[in-house]
Amino acid sequence: MFPQTIAWKDNKVVILDQRRLPAEEVYLECSDADMVAEAITTMAIRGAPAIGIAAAMGLALGALGIAHKGFPPFYKELNAIYATLKATRPTAVNLHWALERMKGVCVINREKGVETIKELLVNEAHTILKEDIDINKRIGRHGKDLINDGDAILTHCNAGALATGGYGTALGVIRSAWQEKKNIAVVATETRPLLQGARLTVWELTKEGIPVTLITDSMAGYLMQRGEIDLVIVGADRIARNGDVANKIGTYTLAVLAKEHKIPFYVAAPLSTFDPTIKTGKGIPIEERNPDEVTAPWGHRIAQEGIGGRNPAFDVTPHRYVSAIITEQRVIRPPFEKTIEQVLGSTWQIDRSSPC
Ligand code: MRU
């Protein structure tokens, strides 16, 4: 069974604190929206779909705490909570998608009264969580056929149950292949600087008995050159209309290496990770985090005092390096400009920048 990343219990949002894994399994109980926002910013919960679910639950929790009975003052306060949650992390579009969806529920039902709206918001957050698990399983079903018996699969960061409502996207594909009794082995990059691969992916896969070997990020090319990697699968934080993919820093390097060694490079992501408002990867905002995470990780200084550092949390892989994108609907292949449009269909028209 996969770990439960996030749950709603007795009007609290319960979050598995990923900063403390794998040493301790500790759960944070968030009783208001600010606590949820803090959990997202500090990466107690992380991963594009997971922070979308957290933001939706945070907004529902915030709504429950609003005392106003009339719609206009209720909506004004809800908007302030929405803005706080939206500002937590900029790159993963799932967070913005989930918040827009929640706001839509509020506006469509404005005539029903504030108490009913509160109930509907809680229900919607539950639905987003439930749907996400289902979507991941569908991604897994579509993706597993891309994996052959005996394959060694390289993955980066953590795109597993911990990064989603459950099951995972990239790791969901691996889970599905494993459940079909394919004899596979995973190679996980440690994923500097926050070590999501070393701390989370290894923990998650080991729990399920899936064979996994840990490497440092810089070892990937060596293994590919020696023919020890058959395919790469990663998740995504935002995908532009042309198929450019933003994902954890280091993904681009792996994609270029994969192309050089003629190894398929797959991206597994739900349709909520596509951003129809963005034409190419150039338009994707990239989160820059505190350079201390590089120079003094986990409070342990490894570079001399006063040295400068850079800490972009994501990079953009141009679509020409991507062999296919595995979604809940189907596996999308190049030419992405055409195939992505076919899959997204009517959602293409949605303008996410407009207020609901
Ligand atoms: O900074 P993080 O840990 O939130 O970054 C996570 C990733 O880059 C994942 O690969 C991505 O969100 C996809 S998760 C299904």
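This is a short walk through a two-domain protein, from the interface between its domains to two buried side chains.

A word on the model before we start. The structure is predicted, so to speak of local features a pLDDT of at least 70 is needed, side-chain atom pairs count only at pLDDT 80 or more, and totals for chains, interfaces and linings use all residues. Residues are numbered from 1 along each chain as its sequence is written, and side-chain values use heavy atoms, with hydrogens and water left out.

Let us begin with the overall layout. Domain 1 covers 6-138 and domain 2 covers 142-349, with bounds that come from an automatic or database domain assignment. Taken over C-alpha atoms, their centres are 25 Å apart. Across the boundary, 29 residues of domain 1 are in contact (heavy atoms within 4.5 Å) with 34 residues of domain 2.

The size of an interface is often given as the accessible area lost when the parts come together. Here the buried area is about 2,700 Å², with 55% given by carbon and sulfur atoms; this is the accessible area, with a 1.4 Å probe, that two parts lose on being put together, summed over both.

What about polar links? Between the domains there are 2 salt bridges, each defined as a side-chain nitrogen of Lys or Arg within 4 Å of a carboxyl oxygen of Asp or Glu. A salt bridge also joins the side chains of Lys207 and Glu25, at 3.6 Å from N to O. The count of residue pairs in polar contact between the domains is 17, both residues being at pLDDT 80 or more. A polar contact is a pair of N or O atoms within 3.5 Å; within protein, one must be able to donate a hydrogen and the other to accept it, and residues adjacent in sequence count only if both atoms are side-chain atoms.

Now to the first of the two side chains. Thr327 counts as buried because its relative accessibility is 0%, where buried means under 20% relative accessible area, exposed over 50% and partly exposed in between (1.4 Å probe, protein chains only). A polar atom of the Thr327 side chain lies 3.1 Å from the backbone nitrogen of Gln329, and one lies 2.8 Å from the backbone oxygen of Arg330.

Arg175 is the other one. Its relative accessibility is 1%, so Arg175 counts as buried too. A polar atom of its side chain lies 2.6 Å from the backbone oxygen of Tyr167.
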